[in-house]
Amino acid sequence: SGEQHWDVLDFEDIDRSLAHKLTDDDICAILLCVGYGNHLKRLILAGCINITGHGLGPLRGSVHLEQIDLSLVGKHESPKIMAPDAKISEDAVASILSNMIENDGNQLRQLQLPKKWCGYRNRSKAMDGFLRQYNN
C-alpha cells in the first residue's frame, strides 16, 4: 500500500537548532502527519525546549505508544543540562498522559520525564496525580 508507517519519532535525529525552534503547533502537525494513533510506538522529544506540551494533544487517543521521552535531552546528555528556559508544562502534559493511560488497550510502558519534575517537592498536583494513576 504506498502508505508509510512511523514506529519511532525521535527528534534527536534532526539538527538541534531546529529542534529548539519547534513549537506546540509544529509538534501537533507532525504527530497528525505520522499517524500517531495507529502506528507510533516511541516518541522522543530531544531538544524540543520550546514546547509547553499542548502540542501532544493528539496523543490523548493513542493506545499503541509504548515509550515517551519528555526529558528533552539527547541519549548521551545529562538530564541536569536541560535548558533552564524550557517551557514544558507539567499540567499540560499530565492531562494528556492521564487521558492516554485511561484508554482501553493502552501500551505505555516507559515514560521519561524532565529531571526537574522528578523531585516530590517541586512536582505539580496534576503531575503527582498522573504518576499515582500510572503506577497503579
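1. Two strands count as paired if DSSP finds at least two bridges between them. In this predicted model, β2 and β3 pair in the parallel sense over three bridges. One residue pair can be named here: L43 has I68 in β3 as its bridge partner.

2. The wider arrangement is an open sheet of four strands, in the order β1-β2-β3-β4, and the pairing is parallel. At the edges are β1 (8-10) and β4 (110-112), each of which pairs on one side only. On average, and with direction ignored, neighbouring strands of this sheet are turned by 5° against each other.

3. Which residues have the most contacts inside the largest nonpolar core? They are I27, L43, L45, L56 and L70, in a core of 32 residues. L43 thus appears here again, having been named above as the bridge partner of I68.

4. Three elements give two or more residues to this core: α2 (24-33), α3 (90-102) and α4 (125-135). Of the elements, α3 gives the most, with six residues.

5. Helix α3 also holds S95. Is S95 buried, partly exposed or exposed? Its relative accessibility is 33%, so S95 counts as partly exposed, given that this class lies between the limits of 20% and 50%. The C-alpha atom of S95 is separated by 7.2 Å from that of A126, although the two residues are 31 residues apart along the chain.

6. A second serine, S71, sits in the loop between β3 and α3. S71 counts as buried because its relative accessibility is 3%, and the limit for buried is under 20%. From S71 to A46 the C-alpha distance is 7.0 Å, with their positions 25 residues apart in sequence.

7. The largest pocket holds about 160 Å³ of space. It is lined by 14 residues, and the closest to its centre are D69, V73, G74, K75 and Q112. The elements that give two or more residues to the lining are β2 (42-44) and β3 (67-69). These two strands are the pair described in the opening point, joined in the parallel sense over three bridges.

8. What classes of residue make up the lining of the largest pocket? There are six charged, four polar and four nonpolar residues.

Technical notes. Residues are numbered from 1 along each chain as its sequence is written. This is a predicted model: local features need pLDDT of at least 70, side-chain atom pairs count only at pLDDT 80 or more; totals for chains, interfaces and linings use all residues. Side-chain values use heavy atoms; hydrogens and water are left out. On a 1 Å grid over the protein atoms alone, a cavity is a set of points where a 1.4 Å probe fits but cannot get out, and a pocket is an open set with protein on both sides within 12 Å along at least five of seven lines; lining residues have an atom within 4 Å of a point. Grid points are joined across faces, edges and corners, and a volume is the space filled by probe spheres set on the points. Ala, Val, Leu, Ile, Met, Phe, Trp, Tyr, Cys and Pro count as nonpolar, Asp, Glu, Lys and Arg as charged, and the others, Gly among them, as polar. Axes are lines fitted to C-alpha atoms, for helices over the stretch in contact, and angles run from 0 to 180 degrees between N-to-C directions. A nonpolar core is a set of buried Ala, Val, Leu, Ile, Met, Phe, Trp, Tyr and Cys residues joined through side-chain atoms within 4.5 Å. Buried means under 20% relative accessible area, exposed over 50%, partly exposed in between (1.4 Å probe, protein chains only).
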